[in-house]
Every structure is written in structure tokens, then in C-alpha cells.
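Work through the exercises below with the structure in view, and try each task before reading its solution.

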Amino acid sequence: MADDLAPHGSRSLIVTVADVIDETADAKSVTFDADFDYAPGQFITLRIPSDQTGSVARCYSLCSNPFGDEKPRVAIKRTVDGYGSNWVCDNLKVGDQVEILPPSGHFTPSDLGAHLLLLAAGSGVTPVMSILKAALAKGSGRIVMFYANRSEADVIFARELRELRAAHPDRLNVIHWLETVSGLPDAKALATALRPYKAYQAFMCGPGPFMDAVHAGLEGAGFAHHQVHAEIFNSLAGDPFEDVAVEEATDEELADAASVEIELDGDTHELQWPRKQTLVDVMLSAGLDVPYSCREGECGSCACTLTEGTVEMENSGALDPDDIADGYILGCQARPTSDTLKIEF
Ligand SMILES: Cc1cc2nc3c(=O)[nH]c(=O)nc-3n(C[C@H](O)[C@H](O)[C@H](O)COP(=O)(O)OP(=O)(O)OC[C@H]3O[C@@H](n4cnc5c(N)ncnc54)[C@H](O)[C@@H]3O)c2cc1C
Ligand code: FES
């Protein structure tokens, strides 16, 4: 990668690779010399060069502790036939510069002091690891981590987890589940195993079938929707690095606009919401600091709660059924279908 990277948009940051570690045969962690703030569980978006398309954008969760001495670190597992993950694993080396979008996402505990049930499979361990370390550093609650992998050789961060367990024997319990020993975890087995923790806040991340089994297992164990938080890993199709040019609404569109009351960072804003525009576009036009990253419904950065009114969404890929049941919507996809709405970020 060139040494003098120029940012493609006003939101981009240029960071330098400080370390690359082989975590398993098909996963690497990459540490950056950078000092941006982030919340545990958030992700950054990497701009990865491509001869075919110029670049692709791929999100990678931070696995480092935002509150300790660790530099920001991501972990990438090769996807079979995947372009971005293999490019990163094959090419990135110490000293390379990378263009990224700053940390984003809402997969983060609102209370690090709560008892936490962390559920991860494969590369889904990355955001969970950041939450785990942050909660151990800042909170005082109990943490149970259920971590599924194909075999022992596939366990990313095995040594780090052993060290954390040894340092916090009263607070942390790590349950490893190996597919080669016990098969795939099913909903019934999970419900039985997870029932003792039904007062905990659950955070899950992993491949689709794992997430489906965990959702069903948590439901079977008696968890309520609002206790269940999930991060969905998807690849982006567009280019979120380009600055957004929001089309101005016509007089006719403004006359037919919905009214929306938005709570953001403790302030309330009242805006007209033209029906063709998304909530993120409307908020950007109004100069509000709305959280967003991909603008294609895949990363979850723009998730917010609809407390009054109705919207339609073209793509809700970043939301799972528990999120939707709790009233979450994606601001980058939402267009109003009622005349008045209330939304909380
Ligand atoms: C919020 C979030 C957090 C995530 N965190 C992590 C994480 O911590 N760790 C992790 O491993 N993954 C994470 N992911 C998943 C990650 O972003 C990627 O989806 C994953 O690495 C697979 O990407 P891939 O390009 O390798 O595979 P694919 O997306 O499957 O690659 C195939 C795609 O690339 C295109 N393509 C193929 N060749 C080229 C080419 N030469 N040029 C351009 N395009 C091409 C194809 O058209 C196809 O669309 C996260 C995703 C999200 C949304
Ligand atoms: S900005 Fe990524 S889902 Fe809305």
C-alpha cells in the first residue's frame, strides 16, 4: 500500500499499521498507531484497494480495550473466496497506511457494570472481546462468555482469554464449545446452559446459524427482547468513503413532508421529513451530527428507536428480530409513512 495515502472524504482517517499477528491459521489481528476514541463493541471501516472496482469497504470490529493502554486493534478471519478479508490477511504489514472511517456502531453495553452474558462464534469474538475487557476494567459485574469454534486450533484469542480468566477468577467464566467435540450448539442445549444467566444482558456475534440458535436458546431460557443485543457481520456493496451530497427537497416535497421530533445527544430537534428522503439524509441536511457509516442498511451505525409513527425501510439487514421487536429502525433506510414521528438516538 502507498506510503502517502490521501483521504477520499471528510470523514476518513489515515492510520498506520503498528503490528500484525497470526491469531490462528486463518485469522490475523492488526494493530494501528492511532488514538481515536471508541466504545467497546464498535467497528471501523477499512478502504481496501481493488484492481476491479478501485476499492471495497469492509467493517472490522475493534477487539481492543478502549479504556486501557492497548492501541486500537481489529481481527480479521479469512472468508472462503472473500475478497476483502483475504486481501487484508495477505497484504497488510507493519508501517502500511490504511484509510478508515472512524469507529461506529451501537453494539455496546449501556451499563458496563451489568452482569454480561457474551456469546461468540469464530470471528464474532472480536467485538465481544472488546466488551469483555472494557467491562472487566470499568465494571464490577459477573461475565460469562460462551465461545463456539470448530476446533481448538480455531480459537482466536485463546491465550488472552486464559490470562483474563486467571486474573479475574471471581468475575469471569469462559465456556468453550468445540464443534469437533460436541457438534453445533442447538437451541435446546443452549436454553439449558443459559437459563442460570437469565437476569444478565446478552451480547452475541457470529455466523447466521449460530445467531439463530442463540436467539432461540435465549428465548427458551426466558430472556426478554430488551436483554438481547446482536451484531451482524455483512459486507458492504457501496463506497461509504465518498462524501454525501443530499439532494434538496422541492417545495412540493416539503409541503407533503412528515414532522419528526428527534432526540440526539440529550437535545430535541424538530424537523420536516420529506417522504423521499431517509432520516440520515434529513439530519445531515439540517447539520446534525447523526451517526452513520455505510448508508446501505448493513452496518447498524444509524440504529435508533422509533417511539411514535411508522416508517418503511428498503433494507434492514443490520437489525435482527429482537432489535425490530424493540422498535429499532435504521436511520439510513427509514422513510416516513405516517405524518408525525418521534425518534430517539
Ligand atoms: C459491523 C461489522 C463488523 C464486522 N467485524 C468483523 C470482524 O471483526 N472480523 C471479521 O473477520 N469480519 C468482520 N465483519 C465482516 C467483514 O466486514 C466482511 O464482511 C468479511 O471480512 C468478508 O468480506 P470479504 O470481502 O472477505 O468476503 P466477501 O464479501 O464474501 O467477498 C466477496 C465479495 O467481494 C467482491 N469482490 C470479489 N473480488 C473483488 C475484487 N477484486 N474487487 C472488488 N470486489 C471484489 C465480490 O463481488 C463479492 O461481493 C464485520 C462486518 C460488519 C458489518
Ligand atoms: S449507516 Fe450502516 S446501517 Fe445505516
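**Exercise 1.** Describe how domain 2 and domain 3 are placed relative to each other, and state how many residues bring them into contact.

*Solution.* In this predicted model, the protein is divided into domain 1 (13-103), domain 2 (116-230) and domain 3 (251-344). Taken over C-alpha atoms, the centres of domain 2 and domain 3 are separated by 32 Å. Turning to the residues themselves, five from domain 2 are in contact with five from domain 3.

**Exercise 2.** Find how much area domain 2 and domain 3 bury between them, and which three residues of domain 2 supply most of its share.

*Solution.* The two domains bury about 480 Å² between them, and 38% of this lies on carbon and sulfur atoms. On the side of domain 2, His215, His225 and Ala230 supply 77% of the area buried against domain 3, which is more than any other three residues supply.

**Exercise 3.** Determine which kinds of interaction the rules find across this interface.

*Solution.* Begin with salt bridges, of which the rule finds zero between domain 2 and domain 3. Continue with polar contacts, where four residue pairs are found across the interface. Finally, sort the residues by class: the side of domain 2 that touches domain 3 has two nonpolar, three polar and no charged residues.

**Exercise 4.** Locate glutamate 160 and list what it touches.

*Solution.* Glutamate 160 lies in helix H3, which covers residues 158-167. Leaving aside residues up to four places away in sequence, glutamate 160 touches Glu70, Arg73, Met129 and Lys133. With arginine 73, the side chain of glutamate 160 makes a polar contact of 3.1 Å.

Note on methods: Residues numbered from 1 in each chain as written. Chains lettered and ligands numbered in written order. Predicted model: local features only at pLDDT ≥ 70, side-chain atom pairs only at ≥ 80, totals over all residues. Heavy atoms only, no water. Domains from an automatic or database assignment. Contact = heavy atoms within 4.5 Å. Buried area = accessible area lost by both parts, 1.4 Å probe. Salt bridge = Lys/Arg side-chain N within 4 Å of Asp/Glu carboxyl O. Polar contact = N/O pair within 3.5 Å; in protein donor to acceptor, adjacent residues only side chain to side chain. Nonpolar A, V, L, I, M, F, W, Y, C, P; charged D, E, K, R; others polar. Helix = DSSP H or I, 4+ residues; strand = E, 2+ residues; numbered from the N terminus.
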